[in-house]
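The following exercises are to be worked with the sequence and the model at hand. Each task is followed by a solution in steps.

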Amino acid sequence: MKTVAIVQAHMRSSRLPGKVLMDIAGETMLARVISRTKRCEYVDSVVVATSTLPIDDVIERACERLDVPIFRGSNSDVLDRFVNAARAYSADVCVRITSDCPLLDPEVSDHVISCFKQANPAVDYASNKIPQSYPRGLDTEVFTLKALEDTWRRATEPYQRSHVTVYIYDNPDEFKLLSVVSDADRADWRWTVDTPEDLEFVRQIYLRLGVHGNFGWRDVIALLDERPELREINRGIEQKHVHEG
């Protein structure tokens, strides 16, 4: 079974436009996410999925420089884009990653993938975000192509089409779900990038732990325990809700 990580990326962030190509210690955020995803032991290939809008042409050029394959599809129907990307690259198992998580930890993602693959009886979907226990920004979702295609056929609401997996985890009676939880609840820690404050927080982490990026989430926790003032940089930022788009 081929496992493909699909990284969602676009230039149209409502709160921080163009964030995926902004610099983090000498590399773009997209490059950081791709590099970390490629280090996952249980991922066979990494693909970036973006829209066909002209504004996202720069993402295609960035992927060419990074030597990573790209799929371009619908702007508004992200679910359709995602399922067609999975089909184009012959995925049996999909790993959904978003391009605004430059602190993604390959060890955490591999753990979620491993839990998914070792589940007995088998499950359709596994993630470490429902419920949230890891810091927000380590989110990894794993699901079968069949579950994705079933979702593509059944999801009708606009927010279900713009958010790839919401139909799956909102319908536990239709899919077998697995939650992967951390040994320590850090759900209120924000490591994703959606605002200038988030970007500054992540930049500070890289500057202190190494521009090479070869550090894990526990290294970040240790740093924040030592330098709690860093958490104040983006503490007041609220996460957007699914229905906000």
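**Exercise 1. Locate Pro131 and Pro121 in this predicted model, and characterise the peptide bond that precedes each.**

Solution.
Step 1. Pro131 belongs to the loop that connects strand 7 with strand 8. The bond leading into Pro131 from Ile130 is cis, and its omega is near 0°.
Step 2. Pro121 sits in the loop between helix 4 (106–118) and strand 7 (125–127). Asn120 and Pro121 are likewise joined by a cis peptide bond, with omega at about 5°.
Step 3. Strand 7 therefore has a cis peptide in the loop before it and another in the loop after it.

**Exercise 2. Determine the sign of phi at Ala25 and at Ser90, and state how each residue is placed and how accessible it is.**

Solution.
Step 1. Ala25 is not a glycine, yet its phi is positive, about 55°. The residue is found in the loop between strand 2 (23–24) and strand 3 (27–28).
Step 2. The relative accessibility of Ala25 is 23%. Buried requires under 20% and exposed over 50%, so Ala25 counts as partly exposed.
Step 3. Ser90, also a residue other than glycine, has a positive phi near 55°. Ser90 follows helix 3 and lies in the loop between helix 3 and strand 6.
Step 4. With a relative accessible area of 48%, Ser90 is partly exposed.

**Exercise 3. Which residues of helix 3 and of helix 5 are buried, and what covers those of helix 5?**

Solution.
Step 1. In helix 3, the buried residues are Val78, Leu79, Arg81, Phe82, Val83, Ala85 and Ala86. Arg81 is one of them, so a residue counted as positive is included in this list.
Step 2. In helix 5 (residues 145–154), the buried set consists of Leu145, Ala147, Leu148, Glu149, Asp150 and Thr151.
Step 3. The cover over the buried residues of helix 5 includes helix 3 (78–88), helix 6 and helix 7 (166–169), together with strand 6 (93–98) and strand 8 (141–144).

**Exercise 4. Describe the surroundings of Trp152.**

Solution.
Step 1. Trp152 is part of helix 5. Its relative accessibility is 28%, so Trp152 is classed as partly exposed.
Step 2. Apart from neighbours within four places in sequence, Trp152 is in contact with Leu79, Asp80, Val83, Arg87 and Arg161. Leu79 and Val83 are among the buried residues of helix 3.
Step 3. A distance adds to this picture: Trp152 and Asp77 are 75 residues apart in sequence, while their C-alpha atoms are 9.9 Å apart in space.

**Exercise 5. Is Gln160 buried or exposed, and which residues does it touch?**

Solution.
Step 1. Gln160 is placed in helix 6 (residues 158–162).
Step 2. The relative accessibility of Gln160 is 9%, and the residue therefore counts as buried.
Step 3. At 3.0 Å, the side chain of Gln160 reaches the backbone nitrogen of Thr156.
Step 4. Not counting residues up to four places away in sequence, Gln160 touches Leu79, Ala155, Val166 and Tyr167. Leu79 is also a contact of Trp152.

**Exercise 6. Place Asn171 and relate it to Leu79.**

Solution.
Step 1. Asn171 lies in the loop between helix 7 and strand 9 (177–179).
Step 2. Asn171 is buried, because its relative accessible area is 15%.
Step 3. From Asn171 to Leu79 the sequence separation is 92 residues, and the C-alpha to C-alpha distance is 16 Å.

**Exercise 7. Assess the overall dimensions and composition of the fold.**

Solution.
Step 1. The chain has 9 helices and 9 strands.
Step 2. A compact globule of 245 residues would have a radius of gyration near 18 Å; the chain has 17 Å, which agrees. The C-alpha trace spans about 45 × 40 × 35 Å along its principal axes.
Step 3. Of the 245 residues, 54% are buried. The chain exposes about 10800 Å², of which carbon and sulfur atoms supply 49%.
Step 4. Among contacts between residues at least 6 apart in sequence, 70% join residues at least 24 apart.
Step 5. The chain carries 31 positive and 39 negative charges, and the mean positions of the two sets are 2 Å apart.

Methods: Residues numbered from 1 in each chain as written. Predicted model: local features only at pLDDT ≥ 70, side-chain atom pairs only at ≥ 80, totals over all residues. Heavy atoms only, no water. Helix = DSSP H or I, 4+ residues; strand = E, 2+ residues; numbered from the N terminus. Buried < 20%, exposed > 50% of the residue type's maximum accessible area, 1.4 Å probe, protein only. Polar contact = N/O pair within 3.5 Å; in protein donor to acceptor, adjacent residues only side chain to side chain. Contact = heavy atoms within 4.5 Å. Rg over C-alpha atoms; globule rule 2.2 N^0.38 Å. Areas by Shrake-Rupley, 256 points an atom, 1.4 Å probe, with all protein chains shown as cover. Charge placed at Lys NZ, Arg CZ, Asp CG, Glu CD.
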